[in-house]
Amino acid sequence: MPENRIARRLRVEGIVQGVGFRPFVARTAADRNLDGWVRNTGGGVTVHLEGPADAVEAAAATIRTDPPPLARIDSAGTDHADPAGADGFTIRASTDEGEGQALVPPDTGVCRACRADIRNRESPYHGYWATACVDCGPRFTVTRSLPYDRETTSMDAYPLCPDCRERYEDPQDRRFHAQTAVCPACGPEIRLVTQDGDPLASGREAVAVAADSLADGAIVGI
């Protein structure tokens with residue numbers, strides 16, 4: 001093992017689950033050719049970095065000071081650790097261990113990139129109302145429990161199709177480990193019904209009819 005190879009263990013608390021923090025850490029490590037892992041815990045996120053000293057320290061600094069847009073770091077303790085000979089960087093299974101309390105972020109509006117996907121006729125998300133990525137979409141309203149993973153959200157009812165699974169597992173994709181990411185082929189469908197529950201429309205037509213109804217002065221409940 002090279003003499004200048006070191007390891008650091010970061011324990012990050014705050015709004016760091018459901019905001020694309022693990023994908024961000026994985027990309028930060030990959031940019032510097034570091035090994036190690038990241039995982040959600042009961043108290044936040046734990047990161048283990050291994051590699052050349054200057055690269056490890058630089059990555060740790062980036063994680064502390066340049067988090068994803070929806071994240072809020074309340075504390076980021078860093079401990080010296082022994083290099084464990086990690087090969088590559090992985091997102092490990094979550095654990096409910098850890099002190100403190102992880103925070104669930106609020107729901108957010110559709111980001112600019114996802115709006116572009118919705119408007120793009122060539123996009124698999126064209127016209128799809130539930131389009132989201134790591135930087136936007138529902139969080140608080142879909143979360144059942146922490147740590148934040150797909151199986152602890154209401155999105156667990158919608159298994160990813162092969163195309164969405166490929167994007168979910170691609171570290172370079174904006175939907176890498178985005179737990180609310182779905183497409184029309186695998187995600188929920190919206191329906192419009194009358195006050196008595198009678199169906200009126202579904203899918204994109206439901207949105208259009210609801211918009212017209214609002215314009216005509218009707219009340220629409222969501």
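The paragraphs below lead through a predicted model, from its cores to its helices, its largest pocket and a few unusual backbone sites. Because the model is predicted, local features are taken where pLDDT is at least 70 and side-chain atom pairs at pLDDT 80 or more, whereas totals for chains, interfaces and linings use all residues. Residues are numbered from 1 along each chain as its sequence is written, and side-chain values use heavy atoms, with hydrogens and water left out.

A good place to begin is the largest nonpolar core, a term for a set of buried Ala, Val, Leu, Ile, Met, Phe, Trp, Tyr and Cys residues joined through side-chain atoms within 4.5 Å. Here, buried means under 20% relative accessible area, exposed means over 50%, and partly exposed lies in between, with a 1.4 Å probe and protein chains only. This core has 24 residues, and those touching the most other members are Phe21, Val25, Val47, Leu49, Ile63 and Phe89. At least two residues each come from β1 (5-15), α1 (21-31), β3 (44-52) and α2 (53-65), where helices (H or I, at least four residues) and strands (E, at least two) are DSSP runs numbered from the N terminus. Apart from neighbours within four places in sequence, Val47 is in contact (heavy atoms within 4.5 Å) with Arg8, Arg9, Leu10, Val25, Trp37, Val38, Ile63 and Phe89. There is also a second, separate core of 11 residues, which includes Leu160, Cys161, Val182 and Cys186.

The helix α2 shows two contrasting sides. Its buried residues are Ala55, Val56, Ala59, Ala60, Thr62 and Ile63. These residues lie on the same side of α2 because they cover an arc of only 160 degrees around the axis, the arc being that of the directions from the helix axis to the C-beta atoms. On the other side of α2, Asp54 and Thr65 are exposed, while the cover over the buried residues includes β1, α1, β3 and β4 (72-81).

Elsewhere, the largest pocket holds about 860 Å³ of space. On a 1 Å grid over the protein atoms alone, a pocket is an open set of points where a 1.4 Å probe fits, with protein on both sides within 12 Å along at least five of seven lines, and lining residues have an atom within 4 Å of a point. Its lining has 31 residues, of which Ile190, Arg191, Val220, Gly221 and Ile222 lie nearest the centre. The largest share of this lining, seven residues, is supplied by α5.

In α5 (203-215), the buried residues are Gly203, Ala206 and Ala210. They cover an arc of only 30 degrees around the axis, which puts them on the same side of α5. Arg204, Asp212 and Ala215 are exposed on the other side, and what covers the buried residues includes β6 and β7 (199-202).

Some sites of the backbone deserve a closer look. Thr41, in strand β2 (residues 35-41), is buried with a relative accessible area of 9%, and its contacts beyond four places in sequence include Pro147. The peptide bond from Leu146 to Pro147 is cis, with omega near 5 degrees. Asn33, in the loop between α1 and β2, has a positive phi near 55 degrees and counts as exposed at 67% relative accessibility. His177 likewise has a positive phi, of about 55 degrees, but counts as partly exposed at 21% relative accessibility.

Technical notes: Grid points are joined across faces, edges and corners, and a volume is the space filled by probe spheres set on the points.
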